[in-house]
Amino acid sequence: MQPGIWQILIIAALALLLFGGRGKLSGLMGDAAKGIRAFRDGLKDSDADKPRDERAGTLPRTEAEKEDLKS
């Protein structure tokens with residue numbers, strides 16, 4: 001069974017992608033990593049805009065803490 005023209009072209013394209021030129025594969029991976037990093041930074045920025053209380057979700061335990069919450 002001999003490979004067809006499309007199979008040869010696909011193998012040639014993969015070979016060029018992997019071995020053709022200076023760091024093309026590493027360049028593609030670097031670009032993908034930059035995109036993921038930018039996405040994660042974008043998610044962090046949306047959370048950073050919200051005010052954050054250190055005691056969020058906890059109940060006051062002393063009378064002084066209750067008074068602090070009233071003011």
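Q: What counts as a helix or a strand here?
A: Helices (H or I, at least four residues) and strands (E, at least two) are DSSP runs, numbered from the N terminus. This is a predicted model, in which local features need pLDDT of at least 70, side-chain atom pairs count only at pLDDT 80 or more, and totals for chains, interfaces and linings use all residues. Residues are numbered from 1 along each chain as its sequence is written, and side-chain values use heavy atoms, with hydrogens and water left out.

Q: In what order do the elements run from the N terminus?
A: The order is α-α-α, and the chain has three helices and zero strands.

Q: Which helix has the lowest mean pLDDT, and which the highest?
A: Helix α3 (residues 63–70) has the lowest, at 77, and α1 the highest, at 86. The term pLDDT is the predictor's confidence in each residue, from 0 to 100.

Q: And the chain as a whole, what does its pLDDT average?
A: The average is 76, and 69% of the residues score at least 70. Where pLDDT is low, the predicted coordinates should not be read in detail.

Q: Changing topic, how much of the chain is buried?
A: Buried residues make up 1% of the 71 residues; buried means under 20% relative accessible area, with a 1.4 Å probe and protein chains only.

Q: Where does Arg37 lie?
A: Arg37 is found in helix α2 (residues 24–48).

Q: Where is Leu14?
A: Leu14 lies in helix α1.

Definitions and conventions. Buried means under 20% relative accessible area, exposed over 50%, partly exposed in between (1.4 Å probe, protein chains only).
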